[in-house]
Amino acid sequence: MKARWLSTARPVALAAGAALVTADAQAACPIQLAAYGEAKSGAEIDFSPTGTSATIANTFRMILDNNTVLDGIAMWTEGSAGRPHGSLMYKCPTGDVTGEELAACTVWEGVIYSADEKGVVGLLPAEGADAPKSLIFPDLGPSLEMSAAYGPAGFSKVPWDVFALKGCQE
C-alpha cells in the first residue's frame, strides 16, 4: 500500500514542481516584453524590443481611450548622472524628420522612473533587465491634456502618472 501511495504521489509532486517553475518563469519578465496599465483611465503601455538602435534604450507605445496611440522611446542621457529621458509622440511624420517637426508632435518628455514592490524608486531599466513593478511618468496627465491628442478627435480619459505591471507579452 505504501508503494502505491508513493507511485501516485510522485506525479502530483512533479506537477506541483512544474507549476512552481512556470510561476517563477512568468514572474521574471524582461522590460522589452512588459505590459503596464493605469487604473483610472484604462491606459496601457506595451514595450517592444528596440532592435539595433545605438541611441534608443527602450521602445513602447501608450494606448489611450478611443484607440489613441502614442509612440514612446527612452534614450539615456550622457554622463555620470545619466537618466532615461522619455518621449511620447502623437502622429509624427515618418522618414527624415526635422527637430522642429519632432518637437511639434511630442506630447510628453521627461525622466521615466520605476518603483519596486516595496516602493523603492529607481530609473527605467534598459532592455534585458527585469521589468519593474511600476513606472512613473512625472506630469504625464497635464502634458497630455494640453496636447493635440486630447479632445474630440483623440482621447478623453487622462491617465495618472503611475502605471502598474500587468503582464508579459510573448
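Asparagine 58 touches ten listed residues beyond its close sequence neighbours, among them Ile31, Phe47, Gly72, Leu124 and Pro125. The full set also takes in Thr50, Ile73, Ala74, Ala126 and Glu127, with residues up to four places away in sequence left out of account. Asparagine 58 belongs to strand S3. A polar atom of the asparagine 58 side chain lies 3.1 Å from the backbone oxygen of proline 125. Is asparagine 58 buried or exposed? Asparagine 58 counts as buried, with a relative accessibility of 1%. The structure described here is a predicted model.

## Overall architecture

The chain contains three helices and 10 strands. Read from the N terminus, the elements follow the order α-β-β-β-β-β-α-β-β-β-β-α-β. Of the 170 residues in the chain, 34% are buried. Among contacts with a separation of 6 or more, 49% are between residues 24 or more positions apart.

## The sheet

The 10 strands of an open sheet are arranged in the order S6-S5-S4-S3-S2-S1-S10-S9-S7-S8, and their pairing is antiparallel. Which strands lie at the edges of this sheet? The edge strands are S6 and S8 (121-123), each of which pairs on one side only. From one strand to the next, the twist averages 30°.

Several pairings may be described in more detail. S4 and S5 are joined in the antiparallel sense by six bridges, and within this part of the sheet aspartate 71 stands opposite methionine 89 in S5. S5 also runs antiparallel to S6, with five bridges between them. Here glycine 86 stands opposite glycine 110 in S6. Strand S5 spans residues 84-89, and five of its six residues are buried, so the strand is largely enclosed by the rest of the structure.

Elsewhere in the sheet, strand S9 (residues 134-136) pairs with S10 over three bridges, again in the antiparallel sense. Isoleucine 136 has valine 162 in S10 as its bridge partner.

## The nonpolar core

The largest nonpolar core is made up of 27 residues. Tyr36, Phe47, Met62, Leu70 and Phe137 have the most contacts inside this core. Which elements each supply at least two of the core residues? They are strands S1 (34-37), S2 (44-48), S3 (58-64), S4 (68-76) and S6 (106-111), together with helix H3 (140-145). S3 provides the largest share of the core, namely three residues.

Phe47 also appears among the residues touched by asparagine 58.

## Salt bridges

How many salt bridges does a search of the whole structure find? The search finds two. They are listed below.

| Salt bridge | N to O distance |
|---|---|
| Lysine 166 and glutamate 44 | 2.6 Å |
| Arginine 61 and aspartate 46 | 3.6 Å |

The pair formed by lysine 166 and glutamate 44 links distant parts of the chain: lysine 166 is in strand S10 (residues 162-168), glutamate 44 is in strand S2, and 122 residues separate them. Lysine 166 is exposed, with a relative accessible area of 52%. Glutamate 44 counts as partly exposed, at 29% relative accessibility.

The pair formed by arginine 61 and aspartate 46 likewise links distant parts of the chain, with arginine 61 in strand S3 and aspartate 46 in strand S2, 15 residues apart. Arginine 61 is partly exposed, its relative accessible area being 38%. Aspartate 46, at 16% relative accessibility, counts as buried because the limit for that class is under 20%.

## Loop residues with positive phi

Most residues other than glycine have a negative phi. Two loop residues may be considered against this background.

Asparagine 67 has a phi near 55°, a positive value in a residue that is not glycine. Where is asparagine 67 found? Asparagine 67 is in the loop between S3 and S4. With a relative accessibility of 70%, asparagine 67 counts as exposed.

Lysine 91 also is not a glycine, and its phi is positive at about 50°. Lysine 91 lies in the loop between S5 and helix H2 (99-105). Lysine 91 is exposed, with a relative accessible area of 66%.

Conventions. Residues numbered from 1 in each chain as written. Predicted model: local features only at pLDDT ≥ 70, side-chain atom pairs only at ≥ 80, totals over all residues. Heavy atoms only, no water. Core = buried A, V, L, I, M, F, W, Y, C linked by side-chain atoms within 4.5 Å. Buried < 20%, exposed > 50% of the residue type's maximum accessible area, 1.4 Å probe, protein only. Helix = DSSP H or I, 4+ residues; strand = E, 2+ residues; numbered from the N terminus. Salt bridge = Lys/Arg side-chain N within 4 Å of Asp/Glu carboxyl O. Pairing = 2+ DSSP bridges. Axes fitted to C-alpha atoms, helices over the stretch in contact; angles between N-to-C directions. Polar contact = N/O pair within 3.5 Å; in protein donor to acceptor, adjacent residues only side chain to side chain. Contact = heavy atoms within 4.5 Å.
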